[in-house]
Amino acid sequence: MDPLLKIALIEDNDDLRDLLARDISRAGYAVHTAECAEDLDDLVMHTSIDLLILDLNLPGEDGLSIARRYKRANPDTYIIMLTARGSEHDRISGYESGADVYLTKPISSNELMAAIGSVSRRFIKRQDVTDVFLDVRAMTLTGRMTVALNRQEVVMLKALNESPNGNLPYFRLLELQGELEINDYAKAALEVRVVRLRKKLAEAGIEGKTIRAIRGEGYHLLSRIKVI
């Protein structure tokens, strides 16, 4: 169980949605619910989501389309598809749309918890501390090679790394950068700094995506580092 794994359950059947959400919550996970794509989009405006549990037959935009859209926006988002469609063609379509796990209804609580547990272990592993060191005084990142940082990069990286869940909102990051106003210009400048910092983290030896943008909220450090 990982209480930091944030789950969104998208299911239009009220009874099934309530039942599944109750089981997931009892297992110790943070779960939010939605009954359609519009509700999900409203949710992620205010909450970062690590795992989507998607029904496919939804009112409006269907689950396959939602999966493709969210994987394009955030490739690190995990997706469990939970549907009555069980043919080989349906499964292939699901995986091609971005599913990490494809489950068919009816499903027991134990099977769903096992699937979530599998995702959770991958999520925790992704969050493990890397063998990259941030030297605050020297303003360097050292791993595969040593990379020089500027003061703003050091402050931002240290703050993200010290955040309990690796997340920091825009306003806090901008405050740390000395910005007094939160506006589109300030956010655009922050995005440029994040892009540069991602490149330096990669140069230091951290593979894959390192800092994820949380739409409408802020940024999430995916790979913890060691601060000296």
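**View 1. Five strands make an open sheet with parallel pairing**. In this predicted model, the strand order is β2-β1-β3-β4-β5 (strands are DSSP runs of E, at least two residues, and helices are runs of H or I, at least four, numbered from the N terminus; two strands pair if DSSP finds at least two bridges between them). Look for β2 (30–34) and β5 (101–104) at the edges, where each pairs on one side only. Ignoring direction, neighbouring strands are turned by 20° against each other on average.

**View 2. Here β4 and β5 are shown with α3 packed on the sheet**. Strand β4 (residues 78–83) pairs with β5 in the parallel sense, over four bridges. Met 81 is found opposite Tyr 102 of β5. Packing on this sheet, α3 touches β3 (51–54) and β4 (contact means heavy atoms within 4.5 Å). The direction of α3 makes about 180° with that of β4 (angles run from 0 to 180 degrees between N-to-C directions, with axes fitted to C-alpha atoms, for helices over the stretch in contact).

**View 3. Helices α3 and α4 pack against each other**. The axes of α3 (63–73) and α4 (residues 88–97) lie 8 Å apart, at an angle of about 25°. That makes α3 roughly parallel to α4 (under 35 degrees counts as roughly parallel, over 145 as roughly antiparallel, 65 to 115 as roughly perpendicular and the rest as oblique). From α3 come Leu 64, Ala 67, Arg 68 and Lys 71, which meet Ser 93, Gly 94 and Ser 97 of α4.

**View 4. A three-stranded open sheet is ordered β9-β11-β10, with antiparallel pairing**. Strands β9 (167–169) and β10 stand at the edges with a single partner strand each, so one side of each has no neighbour in the sheet. From one strand to the next, the twist averages 20°. Zooming in on β9 and β11 (residues 218–221), you will find three bridges joining these antiparallel strands. One position to pick out is Pro 169, which stands opposite Gly 218 in β11.

**View 5. Helices α6 and α8 meet the strands of the three-stranded sheet**. Helix α6 (residues 151–162) lies across β9, β10 and β11, and runs at about 70° to β11. Helix α8 (residues 184–204) touches β10 and β11 as it packs on the sheet. Between the directions of α8 and β10 the angle is about 155°.

**Notes for every view.** Residues are numbered from 1 along each chain as its sequence is written, and side-chain values use heavy atoms, leaving out hydrogens and water. Local features need pLDDT of at least 70 and side-chain atom pairs count only at pLDDT 80 or more, while totals for chains, interfaces and linings use all residues.
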